[in-house]
Amino acid sequence: MTNLQGKVALVTGGSRGLGEFIAEAFVKAGAKVYISSRKAAVCDAIAAELSAHGQCISLPFDLGDSSGIEALTGALKERETRLDILVNNAGATWGAPLEDFPEVGWDRVMDLNVKSVFFLTQKLLPLLRTAATAVDPARIINIGSIAGTHIGRGGTNYSYVASKAAVHHVTRMLAAQLGADNITVNALAPGPFETKMMEFALNDPATRERIEQSIPLGRVGGADDIAGVALFLCDRAAAYISGAIIPLDGGAAAAR
């Protein structure tokens, strides 16, 4: 396992789903991990649970607007002088027929999935630069989606797919600009995973079977599948990787 002893990490959206999977892996690898999410009680409970394996601190804020981004940045800077790893995972989705898709469903998703990624990264650059060295860069991992690279049939989550495509492009832009500061920036592009966001589909046996049959590896992703890649990106072995969009979909997009 990657050794993250002495590292400080922040995982947004860290109280459930992919963020929780990554946060748990980082804690077990020895990092001091801060998790943030909108629901304080849930964030506090997960931090307490993960603290059984190491250090995990809850910093609950809503990153859907600038005040939440400023508040989280301030809270972290009160506690730390450096940040080795930033995982921008907080996100939302919204589905509605094209004719009925509401403006709030566009704005809420784009603000949280894209705007918060950019501006939280911007605000935390001083801490990331302090941690970064040529031998051991600071790491930024953005959570995109395979939906940001390939559009499936019948979807109505218009703002979500647009937001994740934007995350991929912002990742490449930041990678090009922050390399000189010894900061790597990469994105993970997950397909279907065992998360609360996918429950609506995976809890239906027929839908689950259809999804699994569309994946060459024959299954949806689990905690270890994303945690392992996130750990790798924080390892010395990945210090020369930046600007990559890594698909985590069991080969589904490649098979289309």
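## Cysteines

The structure holds zero disulfides, and this statement, like those that follow, concerns a predicted model. C56 takes part in no disulfide, since the nearest cysteine sulfur, which belongs to C43, lies 7.6 Å away, whereas a disulfide would require the two sulfur atoms to be within 2.5 Å. The residue C56 is itself buried, with a relative accessible area of 8%.

C234 is likewise in no disulfide, and the cysteine sulfur nearest to that of C234 is the one of C56, at 15 Å. With a relative accessibility of 7%, C234 also counts as buried.

## Overall form of the chain

The secondary structure of the chain comprises nine helices and seven strands. For 256 residues, a compact globule would be expected to have a radius of gyration near 18 Å, and the 17 Å found for the chain agrees with that expectation. Taken along the principal axes, the box filled by the C-alpha atoms is roughly 50 × 40 × 35 Å.

Of the 256 residues in the chain, 50% are buried. When contacts with a sequence separation of 6 or more are considered, 71% of them are accounted for by residues 24 or more positions apart. The area that the chain exposes is about 11,800 Å², of which carbon and sulfur atoms supply 54%.

## Salt bridges

The count of salt bridges comes to eleven. One of them joins the side chains of K32 and E80, with a distance of 2.7 Å from N to O. K32 belongs to strand β2, which spans residues 32–36, while E80 sits in the loop between α3 (66–79) and β4 (85–88), so that the pair ties together parts of the chain that are 48 residues apart in sequence. The two partners fall into separate classes of accessibility: K32, at 23% relative accessibility, counts as partly exposed, whereas E80, at 11%, counts as buried.

A salt bridge also links the side chains of R82 and D84, again with an N to O distance of 2.7 Å. Here R82 is partly exposed, having a relative accessible area of 31%, while D84 is buried, with a relative accessible area of 3%. Another salt bridge is formed by D181 with R129, whose closest N and O atoms are 3.1 Å apart. D181 is placed in the loop between α5 (158–178) and β6 (183–190), and R129 in helix α4 (residues 103–131), so this pair ties together parts that are 52 residues apart in sequence. On the side of accessibility, D181 is partly exposed at 26% relative accessible area, and R129 counts as partly exposed at 42%. Salt bridges with shared partners, moreover, join K7, D136 and R139 into one network.

## Aromatic pairs

The count of aromatic pairs comes to two. In the pair made by F101 and Y158, the ring centres are 5.6 Å apart and the ring planes stand at 85 degrees, so the arrangement is edge-to-face, a class that requires an angle over 60 degrees. F101 lies in the loop between β4 and α4 and Y158 in helix α5, so the pair ties together parts that are 57 residues apart in sequence. F101 counts as buried, at 17% relative accessibility, whereas Y158, at 29%, counts as partly exposed.

The rings of F118 and F119 have centres separated by 5.0 Å and planes at 90 degrees, so this pair is edge-to-face as well. F118 counts as partly exposed, with a relative accessibility of 34%, and F119 also counts as partly exposed, at 32%.

## Links between distant parts of the sequence

Several of the pairs described above connect separate elements of the predicted model. The K32–E80 salt bridge relates strand β2 to the loop between α3 and β4, and the D181–R129 salt bridge relates the loop between α5 and β6 to helix α4. The aromatic pair F101 and Y158 relates the loop between β4 and α4 to helix α5. These individual pairs can be read beside the share of contacts in the chain, at a separation of 6 or more, that comes from residues 24 or more positions apart, namely 71%.

Terms used
Residues numbered from 1 in each chain as written. Predicted model: local features only at pLDDT ≥ 70, side-chain atom pairs only at ≥ 80, totals over all residues. Heavy atoms only, no water. Salt bridge = Lys/Arg side-chain N within 4 Å of Asp/Glu carboxyl O. Helix = DSSP H or I, 4+ residues; strand = E, 2+ residues; numbered from the N terminus. Buried < 20%, exposed > 50% of the residue type's maximum accessible area, 1.4 Å probe, protein only. Phe/Tyr/Trp six-rings, centres within 6.5 Å; stacked < 30°, edge-to-face > 60°. Rg over C-alpha atoms; globule rule 2.2 N^0.38 Å. Contact = heavy atoms within 4.5 Å. Areas by Shrake-Rupley, 256 points an atom, 1.4 Å probe, with all protein chains shown as cover.
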